[in-house]
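Reader: I have not seen this structure before. Please take me through it, starting with the ligand.

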Amino acid sequence: MRLILLGPPGAGKGTQAERIVASFGIPQLSTGDLLREAVELSTKTGLHAKEIMQRGDLVPDELVVAVVADRLDQVDVANGFVLDGFPRTLAQAEALDKELYQRSLRLDAVLELKVDESVLVDRVKTRAEQMAARGEPVRSDDTPEVCERRLDVYRAQTRPVIE
Ligand code: AMP
């Protein structure tokens, strides 16, 4: 099963991806998680991505596509995957087409999560509060200001991917 989850920040892509992972036994490929890991490890990609992510902007397509292409070559994706947070631009969608074609892979479905935009910023705020209450590190881009920016970026760059 090869799936893509699309939707604005705070829509619950991560939560739904976890359920799909549990039901189908396929890994979640979250570009946000992969990039946060790269930032944590201070890799070249991470160093490049850090400030961009803190602003709520998109990391350049070439970097993200390279991260996903690498991940597609790992053994655990042989039976499928659920892509979470990718593609986020038309260029990424086109690049993904190529990467899949080169590996003779096809997608089974693209799921779009639709959530009333007026509740999204509040949901991100709640997520940050719940993570803090559990003693987990809070994402530095889970502030209301950065979330607004991430929503603007979603409307401008990711929504056209759905069309
Ligand atoms: P997420 O965890 O999906 O909300 O992603 C967190 C941040 O990582 C985003 O705000 C972007 O800065 C960056 N990011 C994640 N996925 C992508 C992507 N497909 N293209 C560009 N930037 C991304």
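Reader: Which helix gives the most residues to the shell around the ligand?

Author: The model shown is predicted. There are 16 residues around the ligand, and Thr 31 is among the five that come nearest. The helix that spans residues 31-40 gives four residues to this shell, and that helix is H2.

Reader: How many residues of the shell around the ligand are charged?

Author: Asp 57 and Arg 88 are among the residues that come nearest to the ligand. By class, the shell has six nonpolar residues and four polar ones. The number of charged residues in the shell is six.

Reader: Which residue has a polar side-chain atom 2.8 Å from a nitrogen atom of the ligand?

Author: Two other polar contacts go to oxygen atoms of the ligand. A backbone N or O atom of Asp 57 lies 2.6 Å from one, and a side-chain N or O atom of Arg 139 is 3.1 Å from one. For the nitrogen atom, the residue is Gln 92.

Reader: How much of the accessible area of the ligand does the protein cover?

Author: The ligand sits in the largest pocket. On its own, the ligand has 480 Å² of accessible area. The share covered by the protein is 96%.

Reader: Which residue forms a salt bridge with Arg 36?

Author: Side chains of opposite charge can pair when their charged atoms come close. A search of the whole structure finds 14 salt bridges. Arg 36 and its partner are three residues apart in helix H2, so about one helical turn separates them. With the closest N and O atoms 2.9 Å apart, the partner is Asp 33.

Reader: Which residue is joined to Pro 87 by a cis peptide bond?

Author: Most peptide bonds are trans. Pro 87 is in the loop between strand E3 and helix H5. Omega is about 0° for the bond between Pro 87 and Phe 86.

Reader: What is the phi of Ser 42?

Author: Ser 42 is in the loop between H2 and helix H3. Most residues other than glycine have a negative phi. Ser 42 is not a glycine, yet its phi is positive, at about 50°.

Note on methods. Residues numbered from 1 in each chain as written. Predicted model: local features only at pLDDT ≥ 70, side-chain atom pairs only at ≥ 80, totals over all residues. Heavy atoms only, no water. Near = heavy atom within 4 Å. Polar contact = N/O pair within 3.5 Å; in protein donor to acceptor, adjacent residues only side chain to side chain. Areas by Shrake-Rupley, 256 points an atom, 1.4 Å probe, with all protein chains shown as cover. 1 Å grid on protein atoms, 1.4 Å probe; cavity = no way out; pocket = protein on both sides within 12 Å on 5 of 7 lines; lining within 4 Å. Sits in = over half its atoms within 2 Å of the grid points. Helix = DSSP H or I, 4+ residues; strand = E, 2+ residues; numbered from the N terminus. Nonpolar A, V, L, I, M, F, W, Y, C, P; charged D, E, K, R; others polar. Salt bridge = Lys/Arg side-chain N within 4 Å of Asp/Glu carboxyl O.
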